[in-house]
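Below is a short report on strand pairing, helix packing and one serine. Please look over the sequence and structure first.

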Amino acid sequence: MAAPIRTSDAPFGRMLTAMVTPFTSDGSVDYEGVQRLATYLVDEQRNDGLIVSGTTGESPTTSDDEKERILRAVVEAVGDRAVVVAGAGSNDTHHSVELALAAERAGAHGLLVVTPYYSKPPQEGLFRHFTAVADATGLPVMLYDIPGRSGVPILTETLVRLARHERIIAVKDAKADLFAGSQVMVTTGLAFYSGDDTLNLPWLSVGAAGCVSVIGHVVGAEIAAMVELYRSGDVSGALALHRRLLPVISGIMTQAGGAIMAKAALTLVGQPVGPPRLPLVEATEEQVARLREDLIAGGVKLSDEFGA
């Protein structure tokens, strides 16, 4: 299936959600639910790209076979009108290469490759890891720089080296260093994507291509509008939307982790996707109560069952 149209300055689209993985009550992957959710995110929440089997998709607890079936389901549902990016990261280079190859076979349009976690490799190890994955397929690669989870940052000099690879073309940044990111953008031309919903607008202000969001599960259309407003020169309009979404960011991103609270938020808006898998657990009643208040404060329309 051909990839949807992308631009050189936004090679993976501008508004992407790191999609949760729907599960049934017994913990199995709900593949019909995967397609429903992907369709909802693209058609109703205005995502022009989706990240499949990233951390928010609970990739540590899905098997390689499940990952491939999830990806195929998403490509079948929305691959003709959204960029489908497959998570192919792990702390095992060989395994990451195998995930990348499987993603290419399944029809992914690109790869998201996270910094190897827990083992804290040196920068040379990061360079060789990312290069090996990028060499393995013909797919474009978005690096995922998130030292808060991986334990190590991708340093500026390493990003500059990696940018020389023809298929490493973008960075999802959750390092929160706008100055370093700006330096890399100027030096390399890598497309940067905000990987932190608290900084979506600040990243746009220094030249980011777009956003890879978690709150986009329920306010993707608003984030897409914010990006359009900013890019059209309506900075005050973009700022107003940014401020309106602050309670949503707080409710989803500051309580129990993105996957847990995104699933709770989807239930509240009438798009239930089942529970998370252990070691993640469902949001508590208290967390859901606060989330409901925050979503309402952010202008999110809840389903009749949970509305005001």
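How many bridges join strand 7 to strand 8? Two bridges join strand 7 (residues 191-194) to strand 8, and the strands run parallel. This is a predicted model, in which local features need pLDDT of at least 70, side-chain atom pairs count only at pLDDT 80 or more, and totals for chains, interfaces and linings use all residues. Residues are numbered from 1 along each chain as its sequence is written, and side-chain values use heavy atoms, with hydrogens and water left out.

**Strands**

Helices (H or I, at least four residues) and strands (E, at least two) are DSSP runs, numbered from the N terminus. Two strands pair if DSSP finds at least two bridges between them. The pairings are tabulated here.

| Strands | Sense | Bridges | Citation |
|---|---|---|---|
| Strand 1 (residues 15-18) and strand 8 | parallel | three | |
| Strand 7 (residues 191-194) and strand 8 | parallel | two | |
| Strand 5 (residues 141-145) and strand 6 | parallel | five | |
| Strand 6 and strand 7 | parallel | four | |

Take strand 8 (residues 210-213). Cysteine 211 in strand 8 stands opposite methionine 15. Serine 194 also stands opposite cysteine 211. In a regular strand the side chains alternate between the two faces of the sheet. Both faces of strand 8 are covered. Gly210 and Val212 are buried on one side, Cys211 and Ser213 on the other. Buried means under 20% relative accessible area; exposed is over 50%, and partly exposed lies in between (1.4 Å probe, protein chains only).

Strand 6 (residues 168-173) has five of its six residues buried, so it is largely enclosed by the rest of the structure. Alanine 170 in strand 6 stands opposite methionine 142. Alanine 170 also stands opposite alanine 191 in strand 7.

**Helices**

Axes are lines fitted to C-alpha atoms, for helices over the stretch in contact, and angles run from 0 to 180 degrees between N-to-C directions. Helix 1 (residues 31-43) and helix 2 (residues 64-78) have axes that come within 9 Å and cross at roughly 45°. The two are therefore oblique to each other. Angles under 35 degrees count as roughly parallel, over 145 as roughly antiparallel, 65 to 115 as roughly perpendicular and the rest as oblique. Helix 1 passes helix 2 in a right-handed crossing. A crossing is right-handed if the near helix is turned clockwise from the far one by less than a right angle, and left-handed if anticlockwise.

Which residues meet? On helix 1 they include Val34, Ala38 and Val42; on helix 2 they include Arg69, Ile70 and Ala73. The contact has nine nonpolar, two polar and three charged residues. Ala, Val, Leu, Ile, Met, Phe, Trp, Tyr, Cys and Pro count as nonpolar, Asp, Glu, Lys and Arg as charged, and the others, Gly among them, as polar.

Helix 3 (residues 93-106) and helix 4 (residues 123-136) pack at about 25°, with axes 9 Å apart. That makes helix 3 roughly parallel to helix 4. Their crossing is right-handed. Thr93, Ser96, Val97, Ala100 and Leu101 in helix 3 meet His129, Ala132, Val133 and Ala136 in helix 4. This contact divides into six nonpolar, three polar and no charged residues.

**Serine 303**

Serine 303 lies in the segment after helix 13 (285-297). Its relative accessible area is 17%, so serine 303 is buried. Beyond its neighbours within four places in sequence, serine 303 is in contact (heavy atoms within 4.5 Å) with Thr267, Leu268, Val269 and Gly270. Serine 303 and threonine 267 are 36 residues apart in sequence and 8.4 Å apart in space, C-alpha to C-alpha.
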